[in-house]
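Work through the exercises below with the sequence and the structure side by side, and try each task before reading its solution.

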Amino acid sequence: MAIQLKVRDKKTAKEFEKQGKKILSLAKKQGLIAINNRARMFIDGHPNRRWWFADKKNNLLISVEFGLCDDEAITMLLQNVKK
């Protein structure tokens, strides 16, 4: 049982790191500065971070005040790409 938990935890950690890299690359492509709290909050059993985005030209914060979780941030960035 303990071995199965370790494998699942490693997979979750890898997915967590991939999400962070994806958010950073999407933000960079759009000319945004991505800021995160580097804290791993557990929401529904999965680690999450809070993300804020600022415009590189104006240095103005463009995201919501309380920050976006990983999935919300990816959704926001993908919607902005399609526009």
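**Exercise 1. Describe the order of helices and strands along the sequence, and how many there are of each.**

Solution. Reading along the sequence of this predicted model, one meets the pattern α-β-β-β-β-α. Counting the elements then gives two helices and four strands. As a further step, consider burial and contacts: of the 83 residues in the protein, 25% are buried, and among contacts with a separation of 6 or more, 34% join residues that are 24 or more positions apart.

**Exercise 2. Find the residues of the largest nonpolar core and the elements that supply at least two of them.**

Solution. Begin with the members, which are 10 residues in all: I23, L26, A27, L32, W51, F53, L68, A73, I74 and L77. Next, assign them to elements: α1 (2-29), β4 (51-55) and α2 (70-82) each supply at least two residues of this core. Such a grouping can be set beside a general tendency, since in soluble globular proteins nonpolar side chains tend to be buried together.

**Exercise 3. Examine two core members, I74 and L68, through their contacts.**

Solution. Start with I74, which is placed in helix α2. Its relative accessibility is 11%, and because buried means under 20%, I74 counts as buried. Leaving out residues up to four places away in sequence, I74 touches Q19, K22 and I23. Of these, take Q19: I74 and Q19 are 55 residues apart in sequence, yet their C-alpha atoms are 8.1 Å apart in space. Turning to L68, and again setting aside neighbours within four places in sequence, one finds contacts with R49, R50, W51, F53, A73 and M76.

**Exercise 4. Locate the salt bridge and explain which parts it ties together.**

Solution. The structure holds one salt bridge, and it is formed by R49 and D70, whose closest N and O atoms are 3.5 Å apart. R49 lies in the loop between β3 (46-48) and β4, whereas D70 lies in helix α2, so the pair ties together parts that are 21 residues apart in sequence. Checking accessibility as a last step, both R49 and D70 are buried.

**Exercise 5. Identify the residues of a nonpolar surface patch and classify I33.**

Solution. The patch, of about 240 Å², is made by I33, I35 and L61. I33 is found in strand β1 (residues 32-36), and because its relative accessibility is 31%, I33 counts as partly exposed. For the surface as a whole, the protein exposes about 6,400 Å², of which carbon and sulfur atoms supply 56%.

Terms used:
Residues numbered from 1 in each chain as written. Predicted model: local features only at pLDDT ≥ 70, side-chain atom pairs only at ≥ 80, totals over all residues. Heavy atoms only, no water. Core = buried A, V, L, I, M, F, W, Y, C linked by side-chain atoms within 4.5 Å. Buried < 20%, exposed > 50% of the residue type's maximum accessible area, 1.4 Å probe, protein only. Contact = heavy atoms within 4.5 Å. Salt bridge = Lys/Arg side-chain N within 4 Å of Asp/Glu carboxyl O. Patch = residues over 30% accessible without salt bridge, like charges linked within 9 Å, V, L, I, M, F, W, Y side chains within 5 Å. Areas by Shrake-Rupley, 256 points an atom, 1.4 Å probe, with all protein chains shown as cover.
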